[in-house]
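Here is a short report for a reader new to this structure. Look at the ligand and what surrounds it, then at the charged pairs.

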Amino acid sequence: MSQRYTLLLLLLPMLMNTADARKKGFIYEESEVPAYTLPDPLIANDGSAVTSASQWKAFRRSEILDHFEESVYGRRPGKPDALKFTVTSQDNNALGGLAKRKQVSILFEGGDRPFAVHLLIYVPNKTSGPVPVFLGYNFNGNHSIHTDPGIDLSKSWMRKNDNGNKNHRATEAARGKSASRWPVETIIKRGYAVATAYYGDVEPDHADGWKDGIRSFYKTDAQGHSLKREDWSAITAWAWALSRIVDYLETDSDIDADSIALLGHSRLGKTSVWAGATDQRFAITISNNSGCGGAALSRRSFGETVKRINTSFPHWFNSSFKAFNANEGALPVDQHELLALIAPRPVYVASAVEDEWADPNGEFLSAKAAGAVYELWGKQGVGVDSQPPVDTPVGDTIGYHVRSGGHNVTDYDWEQYLNFADRHLGR
Ligand code: GCU
């Protein structure tokens, strides 16, 4: 075997990793996308045209919200009366003096066992008064976002036994393993606080996870009506708990709770968009590579399909969503209307060019179609007709970019989010 050939064989896996591999049996060519018609967010259920922001607010917004609750994500149980917040640790001199670090437990009451979601917050020291904040769930525990040894090691169940996790629990070796996705110092230096929690505190991410999660903790909703796990879904549980984090942030004098930018990647991007759609306290919502069931249009069936996501992740969506497997055209809504529910608040949709599974162009087309609703307020959406070139951010109230590279959150993505937040939060 020639030396050159051996070298090629050795390099091959590396070269293949540069692109997210295509899965067999799915659409990856525009020419194969089936013909489809998107539901019009500005045609009401009774067929009448919606032409003003006041009509949107008076009834059309809730019609669309109801469709998403009934057919896709399930319903949210409302705000519980009993919530307690405990600051479990505080260090005013964290990150070499750059920030104050606080850890806060959000304690849920009224169930059959103790239940808590643990929040990690960094607040910039070099500012006075309440500051805007980037809030987002992490995939692997708060300790994974930074090597800061003061962060509590999560005791919750971890999905994967890699990156320092063993027997589905974190070990010391897991510290900072997701740090590349969380440029904490950069964010702090730009004048923003960072708040994060582990989504697995709310519900472990597997089909039986609800048994240990908030969906088995509550037997009734805030109004006292019976609440079964099929009434919501894992994504709704995660999204609803983001609202509970906002309940806390509203009480924190370090934080400007009118300036919360919510961000999520991938399944947590789906979660963020649903949270941003349902809770108007999020000033900015950011979808990072959220794909199917997030920002991407379901009707295109490009990359991941409704059938595939319902099969691989049956717990993410509610049971009614299964009726749309290989039947997307029957959905009463499509995902551009989810983005439209965020209007008139700013929303940012980010794709990655190699992340074909998430349908980058479908994410763009969805962001573009949501613009019709933003126009009711005279706000401009993405401002372009077709997907912009790679690494070229566009848009005004609806931001969009397709980054070079694959499924991930990178410094490039953060740079755009920080600029977008500066612009919209008047910094
Ligand atoms: C899978 C899934 C996607 C999801 C992603 C993630 O790839 O098919 O829908 O976005 O996991 O959350 O990482």
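How far is an oxygen atom of the ligand from an N or O atom in the side chain of Glu-304? The distance is 2.5 Å. It falls under the term polar contact (a pair of N or O atoms within 3.5 Å).

This is a predicted model, where local features need pLDDT of at least 70, side-chain atom pairs count only at pLDDT 80 or more, and totals for chains, interfaces and linings use all residues. Residues are numbered from 1 along each chain as its sequence is written, and side-chain values use heavy atoms, without hydrogens and water.

Three side chains and their distances to a ligand oxygen atom are listed here.

| Residue | Distance to a ligand oxygen atom |
|---|---|
| Ser-266 | 2.7 Å |
| Lys-270 | 2.8 Å |
| Glu-304 | 2.5 Å |

On its own, the ligand has 320 Å² of accessible area (Shrake-Rupley method, 1.4 Å probe), and the protein covers 82% of that. The residues around the ligand (a heavy atom within 4 Å) include Arg-267, Ile-309, Phe-313, Trp-316, Trp-357 and His-407. This shell divides into 4 nonpolar, 2 polar and 3 charged residues.

Now the charged pairs. The count comes to 30 salt bridges (a side-chain nitrogen of Lys or Arg within 4 Å of a carboxyl oxygen of Asp or Glu). One of them joins Arg-244 and Asp-247, at 2.6 Å from N to O. Another joins Glu-230 and Arg-229, at 3.8 Å. Glu-230 is partly exposed (20% to 50% relative accessible area, 1.4 Å probe, protein chains only), at 42%. Arg-229 is also partly exposed, at 35%.

Notes. A polar contact is a pair of N or O atoms within 3.5 Å; within protein, one must be able to donate a hydrogen and the other to accept it, and residues adjacent in sequence count only if both atoms are side-chain atoms. Ala, Val, Leu, Ile, Met, Phe, Trp, Tyr, Cys and Pro count as nonpolar, Asp, Glu, Lys and Arg as charged, and the others, Gly among them, as polar.
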